[in-house]
Amino acid sequence: MNTFRFNNCATSNQNFDPAQSLKPREIVTFVVRHRVKAGEVEKYEAWLKHIIAVASGREGHLGVDVFRSHSDGLPLFTSVLRFASIEHLQAWISSDERKRLIADAEDLLASDEVLEINNVPEFWFIPEEGNEAPRRWKQAVITFIIILPLSIGIPILWQPVFAHFPWLGGHLQSSVVITLSVVLLVVYLFMPAATRLFAGWLKSV
């Protein structure tokens, strides 16, 4: 039996409706925690690679990060998937495809999977199982450290392109290009790396 957690509250997936907790068009993150049996990591890694490829093809899927750690002496895999809306997430959770894939992995897991749904401001700072999320001021510091140099450097890097293509250098067009560049770099590259690099500091009191 799966367990859903939302805002630090656990509830059975038979009674949980994420649509009641989030706005219909709010970007959401879907956190999946799997404790893997000893000796089954290689098989689980192959299974994980496959289900990630399948999920990536779903409408509204925005990306996934996988964090590897340990829980009670066993390998713990935490997968953080991002979806464009709660409707897209619901479609994936309730799909026959996901149910079949999860059934294929049951023999590899040491315990039931734990599922969490979070709104977008928290998705970079998903706490490990049983722990609280990092303090908000620490989240703000990491976010500031990442975004400040990008907001300064990205416009400079784009200037030669804008000079060569004046139509792209207009206020609206350049703003879109620069903002999109910053967002993509933060979401897919720098923020995941920063949260891993500063993991110890984020966990400390």
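Helices (H or I, at least four residues) and strands (E, at least two) are DSSP runs, numbered from the N terminus. The model is predicted, so local features need pLDDT of at least 70 and side-chain atom pairs 80 or more, while totals for chains, interfaces and linings use all residues. Residues are numbered from 1 along each chain as its sequence is written, and side-chain values use heavy atoms, without hydrogens and water.

Q: What makes Trp158 and Phe162 a stacked pair?
A: Start with position. Both residues sit in helix H4, 4 residues apart, or about one helical turn. Rings of Phe, Tyr and Trp (its six-membered ring) pair if their centres lie within 6.5 Å; planes under 30 degrees apart count as stacked, over 60 as edge-to-face and the rest as tilted. For Trp158 and Phe162 the centres are 5.8 Å apart and the planes meet at 15°, so the pair is stacked.

Q: Why is Phe162 called buried or partly exposed, and which is Trp158?
A: Buried means under 20% relative accessible area, exposed over 50%, partly exposed in between (1.4 Å probe, protein chains only). Phe162 has 8%, so it is buried. Trp158 has 26%, so Trp158 is partly exposed.

Q: How many aromatic pairs are there, and what is the pair of Tyr44 and Trp47 called?
A: The whole structure holds 4 aromatic pairs. In one of them, the rings of Tyr44 and Trp47 have centres 5.3 Å apart and planes at 35°, so this pair is tilted. Both residues lie in helix H1, 3 residues apart. Tyr44 is buried at 1%, and Trp47 is buried at 10%. Tyr44 and Trp47 form one aromatic cluster with Phe77.

Q: How do you know that Glu116 and Arg33 form a salt bridge?
A: A salt bridge is a side-chain nitrogen of Lys or Arg within 4 Å of a carboxyl oxygen of Asp or Glu. Between Glu116 and Arg33 the closest N and O atoms are 3.0 Å apart. Glu116 belongs to strand E6 (residues 114-119) and Arg33 to strand E3 (residues 28-35), so the pair ties together parts 83 residues apart in sequence. Glu116 is buried at 9%, and Arg33 is buried at 3%.

Q: What makes Arg98 and Glu113 a salt bridge, and how many are counted?
A: Their closest N and O atoms are 3.4 Å apart. Arg98 lies in helix H3 (residues 96-105) and Glu113 in the loop between H3 and E6, so the bridge ties together parts 15 residues apart in sequence. Arg98 is buried at 5%; Glu113 is buried at 2%. The count is 6 salt bridges.

Q: Why are Asp104 and Arg100 called partly exposed?
A: Asp104 has a relative accessible area of 49%, so it is partly exposed. Arg100 has 45%, so Arg100 is partly exposed too. These two side chains form a salt bridge at 3.9 Å, N to O.

Q: Where is Trp201, and what does 32% make of it?
A: Trp201 is in helix H6 (residues 199-203). At 32% relative accessibility, Trp201 counts as partly exposed.

Q: Where is confidence lowest, and where is it highest?
A: pLDDT is the predictor's confidence in each residue, from 0 to 100. The chain averages 80. Strand E2 (residues 9-12) is lowest, at a mean of 36, and helix H1 (residues 41-56) is highest, at 95. Over residues 3-22 pLDDT stays under 50. Where pLDDT is low, the predicted coordinates should not be read in detail.

Definitions and conventions: Contact means heavy atoms within 4.5 Å.
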